[in-house]
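Work through the exercises below with the model open beside you. Try each task before reading its solution.

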Amino acid sequence: MDFTPSEEQAAAQGLAARIFGDLSTHERLTAAGTGTDAELWKELCAAGLPAAVEDVGLLGLVLILEEQGRTTAQVPLAATCVYGLLAVAAHGAPEQRERLLPGLRDGTAVATGAFPARGGVHIAEDGALYGTVPWVPWLRDATHVLVADAERGLWIVRTGEPDVTAVPVETTAPWSAGRLVLDGVRGERLGNGQPGAYADVLATARTAFAGLQAGVCAGSLARAVHHTVTREQFGRPLSTNQGVLLRAADAHMDTEAIRVTAYEAAWRHDERRARAAQALTAAWWASEAGKRVVHAGQHLHGGTGADLDHPVHRHFLWGRQLDAYLGCGGEVLEELGLLLARGSQEGAS
C-alpha cells in the first residue's frame, strides 16, 4: 500500500486548503447560519475541484474533504461528489453520464443521497416511488437525490418534480438537511440496476465521510492545541499540564487512525481491490474515535468550550453528526462482524 498523493492529488488538496482557509472563516460561517455558503460553493466549482474528483479518485476526494473538515466549510461537496459524480460515473448508463456529469462537474447541479436505505421507499406496481426519508443532508440545495428502494435499487429523483417534497429539517450539524417525501414520483433508474451498486456507493460514502471526519477532528485538535499553548493558569501554559498533554496525545492518535483507515479504503477503491471491510473499518473509526476527539477538543477549551458561538463548537457538532451518519459505531461493527463471518464460512467451505 502506498498512500503518497500523486502530483494531481497533492495539487487538488493544496488548492482546497487555500480556498477553504481563505473563505471558510468564523465570520462567514456565522453569517451563513445553518445554510450553505453559496459564494464558497461557486468558488470551489470555478476552481474545478468537483470536476477534478474523477481524475484524482476517491483518495484525492478524501484529501480534499479533509481540508473541508478542518474549517467545517458549509458546502455540499461530499454529497455531490459521492452521490452524484462518482455514482453516475461508476454505475450510470452512457447516456446518463453524458447528460448528468457536466452539471455536476461545474456545480450547476447538486446531488445528495437518501442513504443508508432503511426501507422507507418502495416501488408501486406502476413503477412510481413512494415513501419518506426522515432526513437527507444538503437536500435543500440538491437538484438530484440518489434514492435506494427497499430492494436496494438506485433511482435518481429530481427535487423539482411535483411529487417530490423537501421539508427543511435542522440537524446537529448545519447541513441544509430536509425530510424527503416521495408521492408517486417517476424516478430514473441509475444504470441498468446492476447488483452491488448500492453497496458500492455506500462504501464510497462511508470512506469519503470518514475523510471529512478526519479533517473535522484535526481542526478541533488544532484549536485545542492553540488554546492550551496560549492560555495560562497559575503562571504557566495549560499545555504543560500532564493531563492536558495525555488527552491531546490520545486525540492525535485517534485522528491518525481515522485518517489512515480512510486512506486505505480509498486507495483500495482506486486500485479496484476488495474494500468492503476496509470501508466499514474506516466508518467505525470515524464514528467511535471521532466522537472521542471532538469531545476532547471541546473539553480542552475548558469553560470556553461551553460557548456555543466559539469555533470549536462547530467541530463538536460536525463530529457528532458524522458519528451517526451512515451508521453509528455499533451498527457498523455489527455489519463488519457479519461480513467477516461470511468470509470465514465461505473460506471453510
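A salt bridge here is a side-chain nitrogen of Lys or Arg within 4 Å of a carboxyl oxygen of Asp or Glu. The model is predicted. It holds 17 salt bridges.

**Exercise 1. Salt bridges**

Task: Find the partner of D37, and state whether D37 and that partner are buried, partly exposed or exposed.

Solution:
1. D37 pairs with R28; their closest N and O atoms are 2.9 Å apart.
2. D37 has a relative accessible area of 11%, so it is buried, the cut-off being under 20%.
3. R28 has 29% and is partly exposed.

Task: Which parts of the chain does the salt bridge between E54 and R105 tie together?

Solution:
1. The closest N and O atoms of E54 and R105 are 2.6 Å apart.
2. E54 sits in helix α4 and R105 in helix α6 (residues 94-106), so the bridge ties together parts 51 residues apart in sequence.
3. E54 is partly exposed, at 30% relative accessible area.
4. R105 is also partly exposed, at 31%.

Task: Treat the salt bridge between R186 and D126 the same way.

Solution:
1. Here the closest N and O atoms lie 3.6 Å apart.
2. R186 is in the loop between β7 (178-185) and β8 (188-189), and D126 in the loop between β2 (121-123) and β3, so parts 60 residues apart in sequence are tied together.
3. R186 is exposed, with a relative accessible area of 55%.
4. D126, at 42%, counts as partly exposed.
5. Finally, look for shared partners: salt bridges join E66, E67, R70, E256 and R259 into one network.

**Exercise 2. Aromatic pairs**

Task: Classify the ring pair of F3 and W267, and locate both residues.

Solution:
1. The structure holds 12 aromatic pairs.
2. For F3 and W267, the centres are 6.3 Å apart and the planes meet at 70°, which makes the pair edge-to-face.
3. F3 belongs to the segment before α1 (7-23), while W267 belongs to helix α8 (residues 242-270).
4. The pair links distant parts of the chain, 264 residues apart.
5. W267 is buried, at 11% relative accessible area.

Task: Why does the pair of W135 and Y325 count as tilted?

Solution:
1. The ring centres of W135 and Y325 are 5.6 Å apart.
2. Their planes stand at 55°, so the pair is tilted. Edge-to-face would need over 60 degrees, and stacked would need under 30.
3. W135 lies in strand β3 (residues 129-136) and Y325 in the loop between α10 and α11 (329-348), so the pair ties together parts 190 residues apart in sequence.
4. W135 is partly exposed, at 26% relative accessibility.
5. Y325 is buried, with 6% relative accessible area.
6. Both rings belong to a cluster: ring pairs link W135, W138, W175, F209, W318 and Y325.

**Exercise 3. Cavities**

Task: How many cavities of 30 Å³ or more are there, and what lines the largest?

Solution:
1. There are 2 such cavities.
2. The largest has a volume of about 80 Å³.
3. Its lining includes R206, F209, A210, Q213, D323 and Y325.
4. Helices α7 (197-230), α9 (276-299) and α10 (311-324) each give two or more residues to this lining.
5. The largest share, 4 residues, comes from α7.
6. By class, the lining has 7 nonpolar, 3 polar and 2 charged residues.

Task: Describe the second largest cavity.

Solution:
1. Its volume is about 30 Å³.
2. The lining is Q68, V75, A78, W138, W175, F209, L212 and W318.
3. By class, that gives 7 nonpolar, 1 polar and no charged residues.
4. Compare with the aromatic cluster: W138, W175, F209 and W318 are among its members, and these four residues also line this cavity.

**Exercise 4. The largest pocket**

Task: Which residues lie closest to the centre of the largest pocket, and which elements line it?

Solution:
1. The pocket holds about 370 Å³ of space.
2. It is lined by 17 residues, and L86, A89, A90, H269 and R272 are the closest to its centre.
3. Two or more lining residues come from each of α4 (49-71), α5 (77-91), α7 and α8.
4. Helix α5 gives the largest share, 6 residues.
5. The lining divides into 8 nonpolar, 4 polar and 5 charged residues.

How values were computed: Residues are numbered from 1 along each chain as its sequence is written. Side-chain values use heavy atoms; hydrogens and water are left out. On a 1 Å grid over the protein atoms alone, a cavity is a set of points where a 1.4 Å probe fits but cannot get out, and a pocket is an open set with protein on both sides within 12 Å along at least five of seven lines; lining residues have an atom within 4 Å of a point. Grid points are joined across faces, edges and corners, and a volume is the space filled by probe spheres set on the points. Ala, Val, Leu, Ile, Met, Phe, Trp, Tyr, Cys and Pro count as nonpolar, Asp, Glu, Lys and Arg as charged, and the others, Gly among them, as polar. Rings of Phe, Tyr and Trp (its six-membered ring) pair if their centres lie within 6.5 Å; planes under 30 degrees apart count as stacked, over 60 as edge-to-face and the rest as tilted. Buried means under 20% relative accessible area, exposed over 50%, partly exposed in between (1.4 Å probe, protein chains only).
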